Amino acid sequence: MADMLLFNKYDLSEVKVDDPSLGPYINLSPISLPHSHGRQAQKQFGKLGVNIVERLVNKLMRGGTGEKTSGKVIRTHGKLQGKKSKAMKIVEESFADVAKRTSQNPVQVLVSALKNTAPREDTTRVQYGGISYQVAVDVSPQRRLDMALRNIALSAIMGSFNHPKTMAQALADEMILASQNSLNSYAIKKRDETERMARSTR
């Protein structure tokens, strides 16, 4: 098990998680192919047992947003819905691109991107006497990770929508930008927007 490499290329044992709050929620168990066949799907908190790379693959398997995101409606027209092998191929190609461009383990780049894009504050609606208010709340580590994965996957989908860039290239670009905490990253912008809205409701 210790010698098992992701995609037969990348060693997960050398990946470090700097954020102690996210550490228990980022599963880096050795795996060669990020596909658990939904074994954890019906279990409460089952996602904790799913490798972080497989969770990224799962987030890519969406049928578009169905609503306006950044001013336009994004639809994948069923290209990735249910086609996990195609989503895994996209992630594998993006990891190869990241490794070539950064000379780092791409899983380490992904973990750094998740740490940088996970918001610490969000807003929720509470009701007092029939009047609704938006109030700032701290975000649990599990939801922080879910939001970061969702925004990185959305960035890849939007970056390749009606664009000559492939989804693998868009995903690689987003992971590199987010790991560098660049303001050109969509996920970083969404994190800043979420935290700014929370600060305004204090």
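This passage walks through the fold, the helix packing, the core and a few individual residues of a predicted model.

Starting with the overall layout, the protein chain has six helices and four strands. Going along the sequence, these elements come in the order α-β-β-α-α-β-β-α-α-α. The chain runs to 202 residues, and 44% of them count as buried. As for how the chain folds back on itself, take the contacts between residues at least 6 apart in sequence: 64% of these join residues at least 24 apart.

Much of the helix packing described here involves helix H4, which spans residues 141-160. Two packed helices are described by the angle between their axes and the distance between the axes. For H4 and helix H3 (residues 106-117), the axes come within 9 Å and cross at roughly 110°. An angle from 65 to 115 degrees counts as roughly perpendicular, so H3 and H4 fall into that class. Their crossing is right-handed. On the H3 side, the contact is made by Ala113, Leu114, Lys115 and Thr117, while H4 brings in Arg144, Leu145, Ala148, Leu149 and Ile152. Sorted by class, the residues of this contact are six nonpolar, one polar and two charged.

H4 also packs against H1. Here the axes come within 9 Å and cross at roughly 50°, which makes H1 oblique to H4. This crossing, too, is right-handed. H1 contributes Ile52, Arg55, Leu56, Lys59 and Leu60, and these meet Leu145, Asp146, Leu149, Arg150, Ile152, Ala153, Ala156 and Ile157 of H4. The contact of H1 with H4 has nine nonpolar residues and four charged ones, with no polar residue in the mix.

The third partner is H5. The axes of H4 and H5 come within 8 Å and cross at roughly 135°, and the two helices are therefore oblique to each other. The handedness of the H4 and H5 crossing is right-handed. From H4, the residues involved are Ile152, Ser155, Ala156, Ile157, Gly159 and Ser160; from H5, they are Met167, Ala170, Leu171, Glu174 and Met175. By class, that gives seven nonpolar, three polar and one charged. Ile152 turns up on the H4 side in the contact with H3, in the one with H1 and in the one with H5.

Turning to the interior, the largest nonpolar core holds 42 residues, and the members that touch the most other members are Leu6, Val91 and Phe95. Helix H1 (52-60), helix H2 (84-102), H3, H4 and helix H5 (167-179) each give two or more residues to this core. Leu6 is a handy place to look in. Setting aside its neighbours within four places in sequence, Leu6 is in contact with Leu12, Ile31, Ser32, Pro34, Val53, Phe95 and Val107. One of these partners, Phe95, is itself among the residues that touch the most other core members.

Back in H4, Gln142 is worth a look. Gln142 has a relative accessibility of 17%, so it counts as buried, the cut-off being under 20%. Beyond its neighbours within four places in sequence, Gln142 is in contact with Tyr25, Phe45, Lys47 and Leu48.

Phe45, one of those partners, has a backbone quirk of its own. Its phi is near 55°, a positive value in a residue other than glycine. Phe45 sits in the segment before H1 and is exposed, with a relative accessible area of 52%. His37 shows a similar feature: it has a positive phi of about 60° although it is not a glycine. His37 is also placed in the segment before H1, and at 58% relative accessibility it counts as exposed.

Finally, Arg202 lies in the segment after helix H6 (186-200). Arg202 is exposed, with a relative accessible area of 67%. Leaving out neighbours within four places in sequence, its contacts are with Glu121 and Ala136. The C-alpha atoms of Arg202 and Val137 are separated by 9.1 Å, with the two residues 65 apart along the chain.

Technical notes:
Residues are numbered from 1 along each chain as its sequence is written. This is a predicted model: local features need pLDDT of at least 70, side-chain atom pairs count only at pLDDT 80 or more; totals for chains, interfaces and linings use all residues. Side-chain values use heavy atoms; hydrogens and water are left out. Axes are lines fitted to C-alpha atoms, for helices over the stretch in contact, and angles run from 0 to 180 degrees between N-to-C directions. Angles under 35 degrees count as roughly parallel, over 145 as roughly antiparallel, 65 to 115 as roughly perpendicular and the rest as oblique. A crossing is left-handed if the near helix is turned anticlockwise from the far one by less than a right angle, and right-handed if clockwise. Contact means heavy atoms within 4.5 Å. Ala, Val, Leu, Ile, Met, Phe, Trp, Tyr, Cys and Pro count as nonpolar, Asp, Glu, Lys and Arg as charged, and the others, Gly among them, as polar. Buried means under 20% relative accessible area, exposed over 50%, partly exposed in between (1.4 Å probe, protein chains only). A nonpolar core is a set of buried Ala, Val, Leu, Ile, Met, Phe, Trp, Tyr and Cys residues joined through side-chain atoms within 4.5 Å.
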